[in-house]
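Colleague: I would like a close look at one part of this model, chosen by you. Please go slowly, and then connect that part to what surrounds it.

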Amino acid sequence: MTIDDQGAQRPAGAGEAPEASAIGAFSGEQAPDAAASAAPTAVAEREPILRARRLVKTFGRVVGLDGASLELYPGEVLAVIGDNGAGKSTLIKCLTGAEVPDEGEIWLEGKRVNFKRPQDARDAGIETVYQNLAISPALDVAANLFLGRELRKKGILGSVFRVVDQKGMRQRARDELRALGISTLQDVTVPVENLSGGQRQAVAVARAAAFGSRVVVLDEPTAALGVRESNQVLELIRQLRERGIPVILISHNMPHVFDVADRIHVQRLGKRAATITPQTHSMTDAVAIMTGAATG
Ligand SMILES: Nc1ncnc2c1ncn2[C@@H]1O[C@H](COP(=O)(O)OP(=O)(O)OP(=O)(O)O)[C@@H](O)[C@H]1O
Ligand SMILES: [Mg+2]
């Protein structure tokens with residue numbers, strides 16, 4: 001890889017260099033078909049399940065995204081790393097309907113989508129687990145798993161009187177947790193406020209995985225967790241991948257990223273600086289790209 005000694009001193013906004021992609025996945029700045037067919041790796045030949053092309057998002061005079069592209073391929077864990085303010089959260093918010101980009105395109109399974117709010121992305125199968133978890137501490141595990149999607153009793157009780165099928169939800173919750181290998185959480189009647197941070201994260205991930213999601217997005221899932229709990233969450237991410245659900249993982253934790261990611265999107269100055277892999281690049285390389293000391 002080329003090291004640009006002056007890179008670190010480059011003024012903000014000097015990121016006009018075309019995107020580099022270390023494994024040859026198409027850069028998003030070129031015609032997609034030409035670039036994709038020229039790409040040598042198997043992953044680049046597949047259709048991305050989720051694709052962002054040249055997203056721009058400004059907040060007044062602050063540029064959050066400056067032509068950011070991203071591809072998520074079926075069955076992979078894609079980590080998104082970058083310095084503070086690089087635009088990671090803004091990029092993810094655009095993909096999950098929490099922000100609407102000023103320019104650019106988002107494609108899901110080959111179809112152009114225009115998410116106006118988080119529910120739009122959810123309806124399309126993109127589940128997001130935010131760091132400040134959207135769970136209700138006073139409700140039990142099963143109720144949290146089904147929050148907003150409660151199962152109703154069969155017949156008139158459910159259809160007219162909206163009576164929830166608590167037994168059914170608890171059974172299904174147990175099945176889901178078991179399928180994900182979450183063994184510490186077999187009692188689904190425990191209020192979530194009594195759970196540890198890692199167990200809460202596990203509930204949130206299980207919730208995301210339980211409803212036929214096409215894509216799961218995790219924003220800093222291990223930031224507040226201890227070693228054991230972090231490992232549990234990393235294991236869950238692997239479980240999702242095994243189930244065929246691709247994952248986008250935003251994290252500042254390099255060992256976690258290098259442990260679990262198939263590919264790593266490096267965001268810098270509002271756009272993708274490179275896409276690398278744990279096989280081709282070291283953590284030091286990744287940090288160098290993040291800070292502009294190196295290109296992909
Ligand atoms: N709602 C907002 N209003 C104004 N500026 C914003 C807003 N959201 C993001 N920004 C700005 O956009 C840029 C990108 O922010 P973003 O939160 O996406 O960065 P990040 O990569 O997630 O950083 P961090 O690692 O600190 O979470 C920053 O300069 C930030 O100040
Ligand atoms: Mg952020």
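Modeller: Of the 296 residues of the protein chain, 43% count as buried, and since I am describing a predicted model, please read every statement below as a statement about that prediction. The chain has eleven helices and ten strands. Among its contacts with a separation of 6 or more, 65% are between residues 24 or more positions apart.

The part I have chosen is strand β7. Five of the five residues of β7 are buried, so this strand is largely enclosed by the rest of the structure. It is covered on both faces, with V215, V217 and D219 buried on one side and V216 and L218 buried on the other. To follow this, it helps to know that a residue counts as buried if 20 or more other C-beta atoms lie within 10 Å of its own.

Which strands does β7 pair with? It pairs in the parallel sense with strand β6 (residues 126–129), over four bridges, and it also runs parallel to β8, to which four bridges join it. You can find these pairings in the structure by looking for particular residues: V217 in β7 has T128 opposite it, while D219 has I250 in β8 as its bridge partner.

From here we can move to helix α9, because the buried residues of α9 pack against β7 (215–219), as well as against β3 (77–82), α8 (197–210), β8 (247–250) and α10 (254–260). The buried residues of α9 are E229, S230, Q232, V233, L234, L236, I237 and L240. Helix α9 covers residues 227–242, and at 1.5 Å a residue its 16 residues should span 22 Å, which agrees with the 23 Å between its end C-alpha atoms. After α9 comes G244, a residue with a positive phi, near 85°.

Helix α8 leads us on to α7, since the buried residues of α7 pack against α8 and also against α5 (141–145). Helix α7 (residues 166–179) has 14 residues, and its first and last C-alpha atoms are 20 Å apart, close to the 20 Å expected at 1.5 Å a residue. Its buried residues are M169, R170, A173 and L177. When you look down the axis of α7, these buried residues fall within an arc of 100°, so they line one face of the helix. On the other side of α7, K167, D175 and R178 are exposed. Just after this helix, G181 takes a positive phi of about 75°.

In the loop between α6 (156–159) and α7 you will find V163. This residue has 15 other C-beta atoms within 10 Å, which means that it is partly exposed. Leaving aside neighbours within four places in sequence, V163 is in contact with R152, K153, L157 and G158. Between V163 and E150 there are 9.4 Å from C-alpha to C-alpha, and the two are 13 residues apart in sequence.

For a contrast with the parallel pairings of β7, consider the antiparallel ones. Strand β9 (residues 263–268) is joined by five bridges to β10, and the two run antiparallel; in this pair I264 stands opposite I276 in β10. Strand β10 (residues 271–276) is mostly covered, with six of its six residues buried. The hairpin of β9 and β10 has two residues between the strands, and L269 there takes a positive phi near 50°. Strand β4 (residues 103–108) pairs in the antiparallel sense with strand β1 (residues 50–59) over five bridges, with V56 opposite E103 in β4. Three bridges also join β4 to strand β5 (residues 111–113), again antiparallel, and R112 in β5 is the bridge partner of W107.

Finally, which residues are around ligand 1? They are F59, V62, G64, G82, N84, G85, A86, G87, K88, S89 and T90. The elements that give two or more residues to this shell are β2 (62–72) and α3 (88–95), and α3 gives the most, with three residues. By class, the shell has three nonpolar, seven polar and one charged residues.

Conventions. Residues are numbered from 1 along each chain as its sequence is written. Chains are lettered from A and ligands numbered from 1 in the order in which they are written. This is a predicted model: local features need pLDDT of at least 70, side-chain atom pairs count only at pLDDT 80 or more; totals for chains, interfaces and linings use all residues. A residue is near a molecule or strand if its C-beta atom, placed from the backbone, lies within 6 Å of it. Ala, Val, Leu, Ile, Met, Phe, Trp, Tyr, Cys and Pro count as nonpolar, Asp, Glu, Lys and Arg as charged, and the others, Gly among them, as polar. Two strands pair if DSSP finds at least two bridges between them. The expected span of a helix is 1.5 Å times one less than its number of residues. A residue is buried if 20 or more other C-beta atoms lie within 10 Å of its own, exposed if 12 or fewer, and partly exposed in between; C-beta atoms are placed from the backbone. Two residues are in contact if their C-beta atoms, placed from the backbone, lie within 7 Å. The arc is that of the directions from the helix axis to the C-beta atoms.
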